[in-house]
Amino acid sequence: MKKYVIIGNSAAAIGAVQGIRSVDTEGMITVISDEPYHTYSRPLISYWLEGKVTDEKIYYREPDFYEKNNVMTMFGTRAVAIGGGYVTLANGGKVQYDKLLVATGSKPFVPPMAGLEDVKDKFTFMTWDSAKAIKEKVTSGTKVLIIGAGLIGLKCAEALYHLEADITVVDLADRILPSILDVRAGQIMQKHIESKGTKFILGTSVEQFSEHSAKLTNGDTVDFDIVVIAVGVRPNTELVSEAGGKVEKGIITDLTQKTTIPDVYAAGDCTVSYDSSSDTQKILALLPNAFMQGEVAGKNMAGEETVYLNAIPMNAIGFYGLHIITAGSYDGQADVTENEEKEQYKKLVFKDGLLKGYILMGDVARAGIYTSMIRERIPLEDVDIELLRTRPQMMMFGKARRDEKLAGKM
Amino acid sequence: MKKVYVNEEWCLACHLCEYYCAAANSGAENMIKAFANGKKPISAIQVEESDSINFAVQCRHCPVPLCVKSCITGALSVKDGVVSCDESRCVGCYTCVLACPYGCIVTSEQSKVIRKCDLCTKNNNGDPVCVKGCPNRAIVFEER
Amino acid sequence: MALNYFQPLFDVIRDKDRCIKCRACERQCANEVHHYDAELDKMISNSQTCVDCQRCVCICPTSALKITDNPNKFRNNSNWSQRVMTEVYKQAETGGVLLCAMGNPKEYPVYWDKILLNASQVTNPPIDPLREPMETRVFLGKKPRSVTFKEDGSIDTKITPTLELSTPIMFSAMSYGSISRNAHESLARAAAELGIYYNTGEGGLHKDFYKYGPNTIVQVASGRFGVFKDYLETGAAIEIKMGQGAKPGIGGHLPGAKILEDVSKTRMIPMGTDAISPAPHHDIYSIEDLRQLVFSLKEATEYKKPIIVKIAAVHNVAAIASGIARSGADIIAIDGYRGGTGAAPTRIRDNVGIPIELALASVDQRLRDEGIRNEVSVVVAGSVRSSSDVVKAIALGADACYIGTAALLALGCHLCRSCQTGKCNWGIATQRPDLVKRLNPNIGYHRLVNLVHAWDHEIKEMIGGMGINSIEALRGNRLMLRGIGLNEKELEILGIRHAGQ
Amino acid sequence: MLEKEGQVRIPAGCAISGFISRDGNRICGDKIVKSISYMHDRSNGLGGGFAGYGIYPEYKEQYAFHIFYDSNESRVETERFLDRHFDVVNLSRIPTRKHPNITHEPLIWRYFVTPLPTKLAESQLDEREFAAQCVININDRIKGSYVFSSGKNMGVFKAVGYPEDVGEFYRLEEYAGYAWTAHGRYPTNTPGWWGGAHPFALLDYTIVHNGEISSYDANRRYIEMFGYKCNLLTDTEVITYIIDYLNRKLNIGLEDIAKIIAAPFWSEIESGRYSNEEREKLKYFRNVFSSLLITGPFSIILGFEGGLMALNDRLKLRSMVAAEKDDMVYLASEECAIRAICPELDRIWSPRGGEPVIVKLNEKK
């Protein structure tokens, strides 16, 4: 009977459990996590903070998930080292493995900022515990300063907006959501968020914190009750690097999710993935990506050879009720349509006879058809471009491809 | 497994499948009540039409469902081959909309959660209503 | 037009409490009666163009629609009815011949409904088709006068080619062109599955349907459209169309608008030209000419196919039939004045010809009187509406019946009688691709099969009740019939007694 | 007023019986009377009759015409017709005895005749057809005359009454023949006409029949195309004509005739139990002679020169038993009618529907 050990308890870990169990119903699976919770969905913490998701619904899988899958759990336990067929725990214990998955995710990056140590109520926004900590401090009218206008910062801002906090967002960049939006889309979104009362101060940074205010590089001073720092994340790669595994921006794996260390696999936000839309290696810190990588890792660990292909950056997210779906790379010839009044924006990016990426804001219906164009590398010459530009639809494919797709064999 | 398939040769773009679907899954006891007072319940099947070609599209219930793998809440799951959504767990993030290669996850402005075809397993219609309601047998429920 | 003489014939009534504004009616009406007004958020109906085809009523998911007669009426006049007056207005405006479609709708007597069937009581047991074999197979064609045997006792006499039918029902001639490809496919597939025959009409046979040849009767009409060697050889039988019940004395007429590419290829005529068949066959001006055509066709097909001669039921039909029976034809088809059509001049449809019941009775008797009933089979058409009509026709003397209108009804036709417009909402009498596709032959053929199966079952029950267990014992068995409400002359022509006698 | 036979079709139930000596031994007529009397309850006194074969050996080359006359005028007219067409070798009243249950008797005459050679030649018909035409002519054209028996060396005796009374009336004990058939009738009204009693005969074909065929008018209207006139509107009449047509005119054997009038069902024809030739033949018969298929219940005994044939409808909706003892073959509606005259039998069976029992005289050694 094989012994599987998984470090981490989020999407990649759950994907691995399901992957292993789809191949091996017998082997012993142990999940080690430093968080004390049944697996929960990390992206849901903002919904939880907002109050839209209850304690019961934040869980990523049903309560009997571990029992049903015959998984032994070691929650609230930190793994400190791996190697030699053992995981060493913070309490000195050792857990033996035949196959190990490192699914340690990432951690918030807090850059050195002058005076930050004087701020008592400062938070990051990465875990349920961090959301719980923020919630304790926020009531109606609480002044919140958020450093970082990226996905995490703005998701946090949206949640706090529903709690009627007074929010200011500061970012060194001169636009919001630069990782997923282009300049124009960012402007529309910014305007939308501002219309709800959230303030942005962009192209600036904090020069000096004091306990309840921050002096900015542009000379302004922002008063706050609490600060949330959301400038970025860093992958948790230490376990692998210290064991001699190859690590660059994140943990390096092959297409089967195997690291350079024998019998050790890695998946999720801690790893580097191959982005087929831009032909580059990058960290794709996305829940669907993590789950699928974990699943592939799990299957390989259990002996079924399979590879993870066609990973691309993609995001489905909404802020203050305005939806965005994006995918792929924006490097190429762009085709943009916009309806400012309706807060609708659409950008299609073409290169090498393929659809490479897109941004849909406002009207996101059926976006997955575009995603499949990118992922499956369907040549543009096979589709009706006019229809493709109009909206995502099956009609744009030729009869043969449409029949094949609608037969639902995927 | 029996699934719903469309035969575009026979689709008349009457859109009745959409109305039957919307009504059957609206919780209202009949179609008139489902649409009464300006209500516009959502259909999980959508008709695409052009001058000469029409067809209805709804969930293919993929053997490897990207929507389920992508779901951030666990609301989407597969049971006996049927991909369905526990709408009480959906937060409307639309990651499934992003993932579905057929554009078969429907967004609802009213409920803020997604709607998708569950082959009428959650209502009392037996076979899917879109199939039963199609006047030209363009939509069929069969094993292929 | 400042003065509108043409009030809508119908009133489209929408129950606003039921209407959910799904717009299915709008999408399904080729006459553009319904439309959705976004400003008013309402469905609006324009009754003026409604033909009462009932498509919208049938498709409405909430049963919100009704179509009734327009209650608006001219002043009562038993002589000058509203219909007659409106026709005058129409001709005053257009100067043209009135056109119409399908069968004679006027209130002439329906003799089928004045004939009652017998059943066995006490002296003779009724037979239960669920428990005993009950046979409806028939053969159509000439029967030899005598029979010779070989030494070993086997038969030496050859039978001329015959048609074998699983039940005495065939689908009438309806051309590709007048009806759609899907309607044709439905008929062809149903005929094949049922073991009966359908009839190409005068429009030729589409290449795709050659595979149904063993169940196809190919027609040769006065226009000779689509007639060539392969066509003749493909059919199981060849029908010479001399006349048609709906319009005796004139030829077929298919407007150019219905002649699209496929129809043009099949008919072998240019696209868009009107296909007008001459009133007579110009090589047949007399009975002896018919004999020549019969034998030309037999020669062309090496005496392998029975030849049917189809005539309209007209006043001296018995004598004409007698002539045909001696012409070498194997089967006579007689089409009564209530037979349908895709287009006919109204006056002709409504005033020319005689009822099939009387024509059949006199033809059958005449052929027997002359001792030549065996020379031909007799097939009747022209409003055979039900299995009981079939039973009555066979008891009067028919070998089989053609059904046309009933078959179209099975395919969805609601007898709006607007076939000539080419805008059939049921996908039957149209060539418009968006309308044609409304008739899914997978459904259509199945409905035809159902219909004929149902009739076959009913026929078995009726003849079983008479104590008959094979349809041939019904043929010409007029004792099984009684008239009701008929006068002496009618009874005499029908060769039956009055009920109670 | 009640309509008589020929004006209306009268359904009837019946008893039939018959036997034959295959060796050609002549058997006294009282035996058939005894047999049919055992089925008294199957008749109601409204018709009885007999046919005897081999009863006129002294006139075996002549046609024996038995004729009912309503009046002397009819007789005179008929005899004038006979004289024009035939050489009348012998004529006489048929001997009868008074019987309390037999009343209203017509004039009953018997003629032994041969066709006049000149007339026969002129007609271009064969002799039998000539004789048949003359019989049909008399029955059709001469009012009050009815030829009820017209074969050679055979005779029909029939009347309104119970068959046993009819037998006594005609003094059948004075006749002897190699084959006899008998009929007792149970009609559903009172036609009171002697011609309506059975057997029905044309030339040497006689039929006794129990049943009511549902195909009657289809058969009648078909057979009338070939010169027959079904004046009596009875099953027996039309069946006789059908058999005459098929056997005498088309030369179809009795076995094959059974396959035409009581044709096997299609399901049986196509069941694979027949050889290809046989299947083709059955199919041919059902196609070509479809209008001669007889449906509805019947059991018949056909008498003909030199034999008997019994046949049931294909569903066997009427009773019929057959039995053998030495050279004798017995056929009857009920077994009792056989046991009454031959208690010890070699074999007794119930023929299947549509399966003919054909018995012919043995070849003379």
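This report describes chain D, its contact with chain C, and one helix pair in chain C, all in a predicted model.

## Overall form of chain D

Chain D contains 11 helices and 18 strands, and its C-alpha trace extends over about 60 × 55 × 50 Å along the principal axes. For a chain of 365 residues, a compact globule would be expected to have a radius of gyration near 21 Å, and the 19 Å found for chain D therefore agrees with that expectation.

## A five-stranded sheet and the helix across it

Within chain D, five strands form an open sheet in the order β11-β12-β13-β14-β18, and their pairing is antiparallel. The strands at the edges are β11 (200–202) and β18 (357–360) of chain D, each of which has a single partner strand, so that one side of each is left without a neighbour in the sheet. From one strand to the next, the twist averages 15°.

At the β18 edge, strand β14 (residues 307–312) of chain D is joined to β18(D) by four bridges, the two strands running antiparallel. D:Met309 has D:Ile358 of β18(D) standing opposite.

Helix α7 (residues 235–249) of chain D lies across three strands of chain D, namely β11, β12 (205–211) and β13 (298–304), and runs at about 135° to β12(D).

## The contact between chains D and C

Where chain D touches chain C, 32 residues of chain D are in contact with 34 residues of chain C. On the chain D side, the elements that contribute two or more residues are α6 (216–223), α9 (266–269) and α10 (276–288) of chain D, and the largest share, six residues, comes from α10(D). By class, the residues on this side of chain D comprise 15 nonpolar, 10 polar and seven charged.

## A helix pair in chain C

In chain C, helix α11 (residues 387–396) packs against helix α14 (residues 441–465) at an angle of about 55°, and the axes of the two helices are 9 Å apart. Because angles from 35 to 65 degrees lie between the roughly parallel and roughly perpendicular ranges, α11(C) and α14(C) are therefore oblique to each other. The crossing in which α11(C) passes α14(C) is right-handed.

The residues that meet in this pair are C:Ser387, C:Ser388, C:Val390 and C:Val391 from α11(C), and C:Trp455, C:Glu458, C:Ile459, C:Met462 and C:Ile463 from α14(C). Sorted by class, the contact of α11(C) with α14(C) has six nonpolar, two polar and one charged residues.

Key. Residues numbered from 1 in each chain as written. Chains lettered and ligands numbered in written order. Predicted model: local features only at pLDDT ≥ 70, side-chain atom pairs only at ≥ 80, totals over all residues. Contact = placed C-beta atoms within 7 Å. Nonpolar A, V, L, I, M, F, W, Y, C, P; charged D, E, K, R; others polar. Axes fitted to C-alpha atoms, helices over the stretch in contact; angles between N-to-C directions. Parallel < 35°, antiparallel > 145°, perpendicular 65-115°, else oblique. Left-handed = near helix turned anticlockwise from the far one by under 90°. Pairing = 2+ DSSP bridges. Rg over C-alpha atoms; globule rule 2.2 N^0.38 Å.
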